[in-house]
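Student: I'd like a close look at one part of this model. Could you take me through what a search of the whole structure finds in the way of disulfides, and then through the surroundings?

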Amino acid sequence: MRGVIGKYPSSDGNGEVGGANGIIKHNRKCRDVVFLVFFIAFWIAMIVNSSFGFNQGNPLRLNFGLDYKGNVCGGKHKDFNLHELELKYYVNPNQVYQSGLKNSGVKLSNARTICLLDCPIPSDDSLNWVCDYPEGDIRISLDDWIDMNYDYFADLTPELRNTSLQLQGPCYPVIFPSVNVYWTCQFIDRPSNVSLTHWKQMNGVTIDDAMVIDKSIHNSINARSSVLKRYVADVGKSWPVLIVCGGLLPLFLSLLWLLMIRHFVTAMPWVTVFFFNGLIISVTMFYYLKAGWIGDDAISPIIGEHDPYYHVSAREQHHIRAAAFLMTCVMIVAVLSSIAIVRRILMATSVLKVAAKVVGEVHALIIFPVVPYLILAVFYMFWLSAALNLFSSGQIARNDCNTNCCAYDLKAKRVSCDDCCGYSIHYTPHIAASILFHLFGCYWATQFIIACSSTVIAGSVASYYWARGESSTTIPFLPVFSSMKLLMRYSLGSVAIGSLIVSLVESTRFILEAVRRRLKAADIMPESWIKRMMFHTSRFCLKCIELTVKSVNRNAYIMIAMTGKGFFKASEMATDLIISNILRIGKVNVIGDVILFLGKLCVSLASALFAFLMLDTHKYKSSHNKITSPLFPVLVCWGLGYVVATLFFAVVEMSIDTIILSYCQDADEHQGTAHYAPPLLIETFDEQNEVQRIAQ
């Protein structure tokens, strides 16, 4: 039976199916053009979607709240420059108290707030005040107002003093101490007796001082939406960490690994396993440290100096502890698994030697991944900037409330009871759709760039194989650039559909997993054991489908580079070759993939470890740049490190797969004997049975 590629005539018309010219360049024409057009249209939509975010978003909203005028704390506005005033403070304690009562009808979002430089504290011998921004008849500058500790009560007219005693402004008493919790002054439910006595002596209205006063602010700070915004803001504030630990460090480590695999191939599997175990244990220990299980460097929601005996809980603390527990389980499984494969490393060494020889012969392969790396780096910077704006987009509008409240308006010079509702950022359903579209676009673009890189590498290695591994004229000059030219001219559409399929399968699995968690949280999971078994089986099957699709895609890219066929035809050809030679290539390929996977994890774990170290410096613990939790920045660095490692490790990974697939094709074309295989590859397969016997 003739081989798969041999079913199609060569371009030179002489029927030769072997050789670089016969295999690499026959019958080549543009493929899957429709999907390329779709991919271009998708990118246009991505640009339009990002433009909406840049137009409507303001990343300051992710961390800082709104004041009673609808201004974002920490920002520059038309009337007031609040650049230094980042803390949101609730001036009316009774509104805060009422918002914590059940069935009161008062929401915390309608309580009057103001932006301050620091959280005010009650006086030890008098009564402090926090007054509205100076305007109208209050003729002092904003800087003077800050220097006066926001207190110009002594300069008010008797009328304004009386409205202030009614908690209608423009000044409000500081009765409760407060602490800076994620840029919001949270009341401590211990009112100052001195301040409360002075307030009563001045005939102020009754102030409720029950313990419930701190609960509504605490619940608002720990709302899921607030926590998600802070996580996204953490990623934005830690951009230097992302550049160093998510970009430069994995670039250096990946290049170092490639050079070492080229010169120390026998030792690299053992070195990879050793460093993998050390790194995963180190990263787990850092999670322990931030969770407070070891040492005294646990994350705290309180910013700045505070009473060491006062503690505030936050969701971020629970999340980092859950991550530490999860990392413990992963660490145990990973260490035990790495020990289990030690006896199989001999097979991995054999197949890696073949890849090392290819890398040594085709010199540009080591440098080529820098090209897709730079493209992805530019894309990620644009994408992250757009993501921060999309997450913070929305319209700031006054709430529609029925609260009976009044406040003095310094501009109108009267007490107003018509517009005392607070401000909120109102989100529309299309914003959520835009965010999901943006996230999907990132994943598809990443898969597309990786697929393009893999296809170029496969074409270069195929040129090496079908020229009998010789540096002769049958190998195109600079094969990497020749393969890149073929990809750009004929096969971008095929790569686009392949990367789209992977993205759709992965996105579907992610959505179903999110639905599963919602159902579990709502306690409406299937009750019968049959339904539960079917439910978990479907999850397992979807994961298997995802892994299968990724494997088929990778081999399809090889056949695209070799034959120029469309994606679906190339997938069929690759699958036929693998099935017909599964016993010959199975164990060798699997063990090699495991070692490469551990190598990628080593690079990404090193990125995560150094991210922990950078985030542990004073810069990211100070008031303005404080990271609420290292969880998201570390995970992003981990993910970026893995993507960068994937780009560079694809040199070895695709070299192995391309050589093996070409070997299978070559053997099928020549009655079981590979005519074009390099001697080292033939020795590897001849010795496979002996290696397996030793491993057992």
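Tutor: Gladly! Here a disulfide is a pair of cysteine sulfur atoms within 2.5 Å. Please keep in mind that this is a predicted model, so each distance and angle below is computed from predicted coordinates. With that cut-off, a search of the whole structure finds three disulfides.

Let's start with the pair formed by cysteine 73 and cysteine 115, whose sulfur atoms are 1.9 Å apart. The torsion about this S-S bond is -80 degrees, and the link is left-handed. Cysteine 73 sits in the loop between helix 2 (33-56) and strand 1, while cysteine 115 belongs to strand 2, so the disulfide ties together parts that lie 42 residues apart in sequence. Is this pair buried or exposed? Cysteine 73 has a relative accessible area of 0%, and because buried means under 20%, cysteine 73 is buried. Cysteine 115 also counts as buried, at 0% relative accessibility.

The strand that carries cysteine 115 deserves a moment of its own. In strand 2 (residues 113-116), Thr113 and Cys115 point one way, Ile114 and Leu116 point the other way, and all are buried. Strand 2 runs antiparallel to strand 1 (residues 87-90), and four bridges join them. To trace the register on your screen, take leucine 87: its bridge partner in strand 2 is leucine 116.

Further along the chain comes cysteine 119, which forms a disulfide with cysteine 185, the sulfur atoms being 2.2 Å apart. This link is left-handed, with -100 degrees about the S-S bond. Here, too, distant parts of the chain are linked: cysteine 119 lies in the loop between strand 2 and strand 3 (129-131), cysteine 185 lies in strand 6 (residues 184-187), and 66 residues separate them. As for cover, cysteine 119 has 15% relative accessibility and, because that is under 20%, counts as buried. Cysteine 185 counts as buried at 0%.

That leaves cysteine 131 and cysteine 171, joined with an S to S distance of 2.0 Å. What is the handedness of their disulfide? The torsion about the S-S bond is about 105 degrees, so the link is right-handed. Cysteine 131 is in strand 3 and cysteine 171 is in strand 4 (residues 171-173), so to speak two distant parts of the chain, 40 residues apart. Cysteine 131 and cysteine 171 are buried.

Now for a cysteine pair that does not make the cut. The closest cysteine sulfur to that of cysteine 637 is in cysteine 245, at 5.1 Å, and because the cut-off is 2.5 Å this is too far for a bond. Cysteine 637 counts as buried, at 0% relative accessibility. A residue that brings this pair together in the contact list is serine 607, in helix 19 (residues 582-615). Leaving aside neighbours within four places in sequence, serine 607 is in contact with Cys245, Leu249, Pro250, Cys637 and Gly641. Serine 607 is itself buried, with a relative accessible area of 0%.

Two helices round off this area. Helix 20 (residues 631-669) has 39 residues, which at 1.5 Å a residue should span 57 Å; the end C-alpha atoms are 53 Å apart, which agrees. Helix 20 nevertheless bends by about 45 degrees at phenylalanine 649, and 33 of its 39 residues are buried. Helix 9 (residues 239-263) contains leucine 259. At 41% relative accessibility, leucine 259 counts as partly exposed. Leucine 259 and glycine 360 are 101 residues apart in sequence, yet their C-alpha atoms are 9.5 Å apart in space.

Finally, a step back to the whole chain. The protein chain has 22 helices and 10 strands, and 55% of its 696 residues count as buried. Among contacts between residues at least 6 apart in sequence, 77% join residues at least 24 apart. The accessible surface comes to about 32200 Å², and 62% of it belongs to carbon and sulfur atoms.

Conventions:
Residues are numbered from 1 along each chain as its sequence is written. This is a predicted model: local features need pLDDT of at least 70, side-chain atom pairs count only at pLDDT 80 or more; totals for chains, interfaces and linings use all residues. Side-chain values use heavy atoms; hydrogens and water are left out. Buried means under 20% relative accessible area, exposed over 50%, partly exposed in between (1.4 Å probe, protein chains only). Two strands pair if DSSP finds at least two bridges between them. Contact means heavy atoms within 4.5 Å. Accessible areas come from the Shrake-Rupley method with a 1.4 Å probe; for residues, only the protein chains shown count as cover. The expected span of a helix is 1.5 Å times one less than its number of residues. The bend at a residue is the angle between axes fitted to the seven residues ending there and the seven starting there.
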